[in-house]
Structure formats: C-alpha cells, structure tokens
Amino acid sequence: MVPTHYYLILSAILFGLGVVAFVFKRNIITIFMSIELMLNAVNLAFVAFSQALNKLDGQVFVLFVIVVAAAEAAVGLGIIILIARNRQSLNVERVDLLKL
Amino acid sequence: MIDFLAQHADILITLVKIALLLFIVLTVNAYLTWFERKVVAHMQSRWGPHRVGPHGLLQPLADGAKFLLKEDPTPAGVDKFTYYLAPLMALALALTSIAIIPFGPDPLRIFGRDVYLGIVDLNIGLLALFAITALSVYGVALAGWSSNSKYPLLGGLRSSAQMVSYELALTMSVVGVLLSAGSFSLRDIIGAQASPKLGVLGWNIFPQILGFLCFFVAAVAETNRVPFDLPEAESELVAGFHTEYASFKFAMFFIAEYTSMITVSCLCSIMFFGGWLSPFPASWTFTHFLPSAILIPFGLWVIWDGIRYETIFGRIILPGLGTVITALGALLIVFPAVNEFIQGPFWLLSKIFVFLFVYVWMRGTLPRFRYDQLMSFGWKLLLPVSLANAVITASVILVRGGGH
Amino acid sequence: MNPPLLVFFVLAAMAVIGAINLILQRHPIHSALSLIVVMVALAGLYLLMGAEFVAAVQIIVYGGAIMVLFVFVIMLLNAGVEEHTNASKLAALAGVPLAVVLMGVLAATVAGSADRVQVLTPGSVAPTKALANLLFQDFVYPFELTSFLILVAILGAIVLAQREKA
C-alpha cells in the first residue's frame with residue numbers, strides 16, 4: 001500500500017514545476033501546457049483523497065476537471081492562433097502593446 | 001533457482017506468453033501481406049507473388065530481408081528525436097493492443113496453475129483499447145511533421161484529422177454493446193452473447209447491426225485502409241506521412257498498420273459475432289469435428305498440389321507442409337481433450353480470418369474517398385448514426401426493464 | 001519495498017522527469033511530448049490507486065484529444081525554438097531556489113499532516129457502475145452544465161479561428 005501523503009507530495013511537486021514552467025517560459029503554447037500540468041497535479045490530489053476516504057466524489061470531480069480543461073484548451077488555442085496571426089510571433093514578450 | 005522460479009511463476013508465465021504472442025502476431029503480419037497480395041492479385045486476374053518459394057510463400061521472408069538490408073537515409077533538417085520516435089510509437093501501441101484480446105475461454109493447466117489464453121483480462125479492456133487507439137494518432141501526426149517536407153506534413157495532418165474524427169464514431173458505436181453486456185471486459189462481452197436459448201441469435205450482430213456497421217466503417221477509417229487511405233495512397237500525396245521513411249522505419253509503420261487491422265478484426269469478432277462461441281447449438285456435438293474436417297482435406301490438397309509442383313523446392317516443401325496439416329487434423333480426432341480445448345480458439349480465429357479477408361476484399365474492390373467527402377461522412381453521417389444507435393439501445397433496455 | 005511502492009516510485013519518477021523536461025526543452029513540440037509522458041504516468045498512478053475509469057478517461061481525453069490539439073496547433077503555427085530573451089538572467093537565477101522553496105513548503109505542509117489523513121479502508125477497486133450512479137444521480141446538474149460548456153467552447157473555438165471575411 002502506498003501511503004496517501006506520497007501521492008500528495010508528488011502532486012505538490014508537479015504543481016510547483018507547473019508554476020515554474022508558467023513563469024519561466026516564453027512561448028505561449030508552452031505556458032498553456034504548464035497550465036495543463038498544474039491541472040493534472042490537482043487531479044492527482046483529488047484521486048488520492050478519493051482513495052483515502054473511500055468515496056467516489058473525488059473521481060467525479062476529476063472527470064469534471066478534465067472536461068473543463070478540454071473546453072479551456074480549445075478556446076485558449078483559438079485565442080493563441082489569433083495572437084500568432086496578429087503579432088506574427090509566439091513569444092509572450094512581443095504581446096506588449098498595453099505596456100507603458 | 002527452482003524456488004525463485006516457483007515464487008515468481010506468474011510473472012514468468014506472463015513473459016513467456018508475451019514472447020509467444022509477439023512471435024505469432026509478427027508472423028501473422030508477415031503472412032497477411034502475402035495473403036493480401038495474393039487475394040488482390042487474383043481479384044485482378046493476375047498471379048501475385050509466386051516465384052519466391054512455392055506459391056510465393058517465402059515472399060514475406062524476402063520482403064523482411066529487403067527491409068533489413070536496404071539503405072536507411074535520414075533526410076536533412078528533420079527533428080531527429082521525433083523522427084525516430086514516431087514509428088516506434090506507432091509500432092509499440094499497435095502491438096500493445098493485442099495484449100488485451102482474449103483468445104479462448106478455457107485455461108490450460110500448466111504446473112498446477114490456470115493459464116488463460118490471452119495475456120491479461122482488464123476490467124476496462126475495451127476502454128484500454130480505445131485509449132491505445134487515441135494515442136496512435138501521435139505516431140502519424142509526429143511522423144508527418146518531423147519529416148521536414150511538404151507532402152508528409154499535409155499527409156500527416158490530414159491523416160491525423162481523419163483518425164481523430166472517426167475515433168468519436170468508433171467509441172459511440174460500441175455503447176450499445178457495452179449497455180447489453182454491462183461490462184468493459186472483453187470476456188464478459190463474449191459471455192453476455194452466450195445465450196443457450198437463442199444460440200446464434202444471441203450474438204450482438206442481430207440487435208446491434210447499426211452499431212456493427214458504424215464500428216466497422218469507423219475502424220477501417222482509423223486504420224487508414226481503403227477506402228479511407230487518401231492520406232497515404234501512392235497516387236495522391238506521394239506516400240503521405242511515411243514518404244521520408246526508408247527501410248526499417250517504414251517497415252515499422254507497415255507492421256503497425258497490419259497489426260491494427262488484426263486488432264480490429266479481433267474486436268469485431270469478439271464484440272459483435274460472439275467471439276469464441278460456436279454458431280451451432282451445443283447439442284450438435286458432431287460439429288466439434290469441424291476443425292479436423294477442414295484441416296485434413298486441406299492438408300491432403302496441399303500434398304496433392306505439391307507432388308507435381310514446378311520447382312523441386314516446392315515438391316519437397318509443399319508435401320511436407322501438407323503432411324503436418326493433415327497430422328494436426330488427425331491429432332484432433334485422436335485426442336478429444338485437445339479437440340474440446342481448441343474449439344473456442346478455432347471459432348475465434350476463423351471469424352478473425354473472415355474479417356481480414358473482408359479488409360483485403362475492400363482493398364481490391366473499392367475506390368477511395370476524397371478528403372472532404374471523408375470528413376463530411378465521418379462527422380455528418382457516422383457520428384449521428386452511432387449516437388442514435390446508443391440512444392435507441394438505451395431506450396430499449398430501459399423499456400424492457402433490464403439494466404443493472 | 002513491496003511491488004506497489006516500487007511501481008509508484010517508477011511512475012512518480014517518470015512524471016517528475018517529464019515535468020522537468022517540459023521546462024528544459026526549447027522546442028514546444030518536445031515540451032508537448034514530455035507533457036504526454038507526464039499524463040501517461042499519472043494515468044498509471046490512477047490505475048495503481050484503483051481508479052481505472054479515470055485512468056482510461058485521462059488517456060483518451062487528455063492524452064488522446066487535448067494534447068493532440070496542442071500538437072496540431074504547434075504544427076500549424078510552425079512554432080520554432082524559443083528565442084533568446086532580454087529578461088534578466090539574475091531573476092532566473094534567483095527564481096529557481098524560490099520555486100524549490102514553494103514546492104518544499106507545499107510538500108512539507110502535506111507531509112506534516114500525513115498522520116491525519118489515513119486510508120480508512122484499503123482503497124478498493126472503484127467499479128465504473130458506482131461512478132456512473134454518482135455521476136447521473138448526485139451530480140447530474142453539473143454534468144448537464146458541462147455539456148453546455150463544451151457546446152459553448154466549440155462555438156467559441158470556431159468563431160475565434162475563422163479567417164476574416166475579406
């Protein structure tokens with residue numbers, strides 16, 4: 001048996017790595033992928049708790065998170081395509097028209 | 001040493017099963033290419049391979065040797081990691097899906113353990129197969145993109161868009177089967193079709209005919225075979241996503257395609273045609289001699305055909321082959337226990353063979369879909385029909401008061 | 001070191017290495033491939049915990065649809081390697097230890113309360129039927145809402161990615 005807090009520590013590490021990727025990378029698509037990594041880390045925590053408490057609500061919520069992530073990925077990638085078309089670059093540092 | 005083996009016997013038996021199944025699947029792949037070339041050729045009133053070995057039976061060996069010995073150029077400017085990963089991924093996923101398929105109902109008794117035919121029986125067997133199908137889109141998409149060339153990129157994008165579109169219809173069309181079986185496990189699905197009262201009418205093909213048609217069409221589109229093989233047809237985009245792939249890497253895509261053909265044939269037989277169930281009623285025990293009744297005449301014909309064959313090599317090999325086949329048939333009559341054991345696998349393998357023949361038949365007969373026709377067919381016809389099938393099946397089960 | 005623990009460590013190592021690779025790779029397609037590895041590793045962990053349906057859905061939806069969407073967009077937009085940045089190298093150098101501290105704080109909080117969250121009964125196999133019962137009885141309202149959400153997302157994606165009428 002694997003203790004529950006092993007899973008939670010792994011979830012925390014993955015979430016932290018997602019935050020690091022979000023802050024440090026400059027390609028819009030990679031930043032978007034780091035959001036998906038963070039969502040996955042949270043899903044892992046949900047399923048770990050669902051197993052620990054022996055209730056299935058955690059897994060139902062994971063299904064909802066996956067569905068919402070899919071919808072968000074679709075719309076987000078649509079926006080990214082528009083940005084790429086308008087700014088001719090996928091570098092977030094070039095999307096700075098509102099900067100002083 | 002012996003007690004180490006005894007303690008870990010389960011793992012060892014599984015490893016042996018995996019090695020054996022891998023060997024069998026790869027051999028079947030090779031001879032499937034021979035079978036396809038022969039059948040398509042005869043449909044087109046020509047011979048097909050008949051020089052390399054008697055009746056061209058050594059042609060797959062020659063092809064294999066060619067693939068291994070040919071020059072393997074890597075085009076300039078490819079993304080090296082992805083270029084090498086794509087065929088590996090396609091092949092690994094295609095071969096993994098064979099692990100989930102059960103080949104027979106009864107276990108063997110080996111060293112006091114029950115060894116089932118089939119590597120594993122997952123609770124979510126069917127869902128795992130769909131997961132593997134979903135991942136195999138990457139093999140195609142990454143192959144097309146990493147080749148750093150126009151035609152593979154277009155072919156890869158078209159092919160992966162096609163696969164993703166037909167995946168939806170594929171998963172929706174088996175919902176009816178799942179509802180009537182109440183489980184994702186493939187053994188349970190076959191078990192749900194075994195009705196002693198209805199016999200062959202209990203098979204899923206009769207209530208689920210619409211689901212079967214949707215599944216078969218969607219599966220042919222998933223495996224990129226005719227009539228849905230526009231992205232890789234020779235007269236279209238050169239060779240589609242595997243244009244820039246040479247000998248062995250091309251062979252990996254090739255094996256992946258034929259293995260997924262075999263997997264789809266297994267799935268069709270298991271989900272809709274009763275798997276290892278015999279179409280004859282159980283009381284007709286004389287039908288248990290059907291394997292022998294097929295093997296013995298076939299073996300005698302091979303001997304007769306080989307005795308006066310053109311080449312000396314054929315005159316030695318073919319009668320030998322025929323003797324082995326006849327001996328197998330005779331063995332089944334002599335040992336009734338073996339005959340009983342072989343009934344299940346015999347029926348499953350015959351059904352798989354029929355579906356493979358249908359695949360090859362379609363290749364020899366049907367013209368190709370144009371790409372826009374293909375996409376509109378998948379989204380506007382196949383998906384609504386499979387959804388309707390799911391709704392109708394669910395309503396019928398609800399009205400009947402069944403359900404779990 | 002029983003077999004489940006060994007499998008856990010292998011899958012966890014795979015997930016963490018995939019996540020680190022996502023940060024270290026310069027081409028977005030390699031980052032996408034690393035993310036797929038992370039998702040497959042997580043699906044393996046869900047299987048280890050007995051959540052078989054969630055594992056299958058993770059691979060089919062996340063790994064087989066969402067990531068395919070990412071890979072398509074990377075191919076269509078012809079994304080190249082990341083360019084050289086003008087951002088401060090010192091900030092990056094200071095940021096990495098802070099990131100490690102963040103992860104450490106999260107992990108320590110969790111590990112500190114380890115004795116309070118314990119497995120009440122050994123995690124049993126979660127039958128898909130029980131999950132379906134829960135989804136369609138207690139959670140039917142969010143379920144219908146998510147179908148509406150997907151419809152909105154499809155419309156949004158189509159409208160956003162349309163070519164401008166010349």
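Reading chain C along its sequence gives the pattern α-α-α-α-α-α, and the count for this chain is six helices and zero strands. Please keep in mind that this is a predicted model. Two pairs of chains are in contact, and chains A and C share the most contacts. Chains A and B do not touch, so a tour of the assembly is best taken by way of chain C, its two domains and its two partners.

**Inside chain C**

- The domain assignment splits chain C into domain 1, covering 1–80, and domain 2, covering 127–166.
- Between the C-alpha centres of domain 1 and domain 2 of chain C there are 23 Å.
- Chain C has 166 residues, and 32% of them count as buried.
- Take the contacts in chain C between residues at least 6 apart in sequence: 56% of these join residues at least 24 apart.

**Where chain A meets chain C**

- This contact draws on 62 residues from chain A and 72 residues from chain C.
- On the chain A side, helix 1 (4–24), helix 2 (28–53) and helix 3 (57–87) are among the elements to look at, as each supplies at least two residues that touch chain C.
- Helix 3 of chain A gives the most to this side, with 22 residues.
- By residue class, the side of chain A that touches chain C holds 46 nonpolar, twelve polar and four charged residues.

**Where chain B meets chain C**

- Here 17 residues come from chain B and 15 residues from chain C.
- Three helices of chain B each provide at least two residues of the side that touches chain C: helix 4 (80–96), helix 5 (125–146) and helix 6 (150–173).
- Helix 5 of chain B has the largest share of that side, at nine residues.
- The side of chain B that touches chain C is made up of 14 nonpolar and three polar residues, with no charged ones.

**Chains A and B**

- If you look for a direct meeting of chain A and chain B, you will find that they do not touch.
- The nearest C-alpha atoms of chain A and chain B are 15 Å apart.

Note on methods: Residues are numbered from 1 along each chain as its sequence is written. Chains are lettered from A and ligands numbered from 1 in the order in which they are written. This is a predicted model: local features need pLDDT of at least 70, side-chain atom pairs count only at pLDDT 80 or more; totals for chains, interfaces and linings use all residues. Two residues are in contact if their C-beta atoms, placed from the backbone, lie within 7 Å. Helices (H or I, at least four residues) and strands (E, at least two) are DSSP runs, numbered from the N terminus. Ala, Val, Leu, Ile, Met, Phe, Trp, Tyr, Cys and Pro count as nonpolar, Asp, Glu, Lys and Arg as charged, and the others, Gly among them, as polar. Domain bounds come from an automatic or database domain assignment. A residue is buried if 20 or more other C-beta atoms lie within 10 Å of its own, exposed if 12 or fewer, and partly exposed in between; C-beta atoms are placed from the backbone.
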